[in-house]
Amino acid sequence: MKRDTQKLKTVFKNMFSLKEDAATHEEIRDRLLSGGKITGTNMCVLICAMIIASVGLNVNSTAVIIGAMLISPLMGSILAMAYGLVSNDFRLMRNHAVGFGMQVVISLLTSTVFFLLSPVKEPTPELLARTSPGFFDVIIATAGGVAGIIGQTRSGKFNNIIPGVAIATALMPPLCTCGYSIANGNWRMLGGAAYLFIVNTYFIFFASAAILSLLQTPKVRELTEKEWKRLRLRMIRNTVIVLIPCIVLAVLVLRSA
């Protein structure tokens, strides 16, 4: 009986092992950091993706929005930041965070200019759908982050996971909705869309960091006990801060039901 139980544990462990078909640590590092690079090509693709997503939101076309999400390079920067955190290379993490910030600013400028010029001013259902984040969005972003980093760390470089994650986690539409809100002076809508973008970004980052830790990503240097404790407290604090509005909204919905 004990032998059968041990055998069953081994089967389940092998079934859900992330290390079995993982790429080498060097491959993972090169893949994630190259995906997070800010290049002229990436910025041009980003602007095109923002224009396409803005058009899709403006004319209420789900298919066009999905197309924009598929070509968006935003996911790469988030995964590169997660790698910098887990490898204790905080300079690398800061560099990619700055790059990600630049991408966000360019995205906001692009979408704001588009909606200022667009003759369609009324918010469509697709726009309004990006202004009411909830706890389910946390679950989607976390699961998407796990799936995305697993896809990027497999030994086979090309897979169909990343496109699916890009659609599921929806980083582009909330940013476009922020641009619409700024262009039309709708600050309440801006708050909801910005919060949805923050939720998606943070929990993709958090989930990616967790999986990279499980894969025992090599460290640039080992943290002292004091540094590790400070980092852990910051992660807990940031997670709670991001979750608080979702929890409040969930309670309000339950009370009104």
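Start your tour by selecting Gln216, which sits in the loop between helix 11 and helix 12. Keep in mind that you are looking at a predicted model. Gln216 is not a glycine, yet its phi is positive, at about 55°. Most residues other than glycine have a negative phi. Is Gln216 buried or exposed? Its relative accessibility is 55%, so Gln216 counts as exposed.

Now select Asn88 to see another loop residue. Asn88 is found in the loop between helix 5 (74–86) and helix 6 (90–117). Here, too, a residue other than glycine has a positive phi, and for Asn88 the value is near 60°. The surroundings tell another story: with 7% relative accessibility, Asn88 counts as buried, while Gln216 counts as exposed.

Next, zoom out and color the chain by secondary structure. How many helices and strands does the chain have? You should find 12 helices and 0 strands. Written out along the sequence, the pattern is therefore α-α-α-α-α-α-α-α-α-α-α-α. The chain has 257 residues, and 43% of them count as buried.

Your next stop is helix 11, which covers residues 187–214. Select Ala194 in this helix. Ala194 counts as partly exposed because its relative accessibility is 24%. Then add Thr177 to your selection and draw a line from C-alpha to C-alpha: the two residues are 8.3 Å apart in space, with their positions 17 residues apart in the sequence numbering.

Move on to the cysteines and select Cys176. Cys176 has 0% relative accessibility and therefore counts as buried. Cys246, at 1%, counts as buried as well. How many disulfides does the structure hold? The number is 0. A disulfide is a covalent bond between the sulfur atoms of two cysteines. For Cys176, the closest cysteine sulfur belongs to Cys178 and is 9.1 Å away, which is too far for a bond. To count as a disulfide, the two sulfur atoms would have to be within 2.5 Å.

Finish on the surface, with helix 12, which runs over residues 225–256. Select Lys226, which lies in this helix. Lys226 counts as exposed because its relative accessibility is 62%. Now add Arg230, Arg234 and Arg237 to the selection. Which charge does the patch carry that these residues form with Lys226? Together, the four make a patch of positive charge on the surface.

Key: Residues numbered from 1 in each chain as written. Predicted model: local features only at pLDDT ≥ 70, side-chain atom pairs only at ≥ 80, totals over all residues. Heavy atoms only, no water. Patch = residues over 30% accessible without salt bridge, like charges linked within 9 Å, V, L, I, M, F, W, Y side chains within 5 Å. Areas by Shrake-Rupley, 256 points an atom, 1.4 Å probe, with all protein chains shown as cover. Salt bridge = Lys/Arg side-chain N within 4 Å of Asp/Glu carboxyl O. Lys, Arg positive; Asp, Glu negative; His and termini not counted. Charge placed at Lys NZ, Arg CZ, Asp CG, Glu CD. Helix = DSSP H or I, 4+ residues; strand = E, 2+ residues; numbered from the N terminus. Buried < 20%, exposed > 50% of the residue type's maximum accessible area, 1.4 Å probe, protein only.
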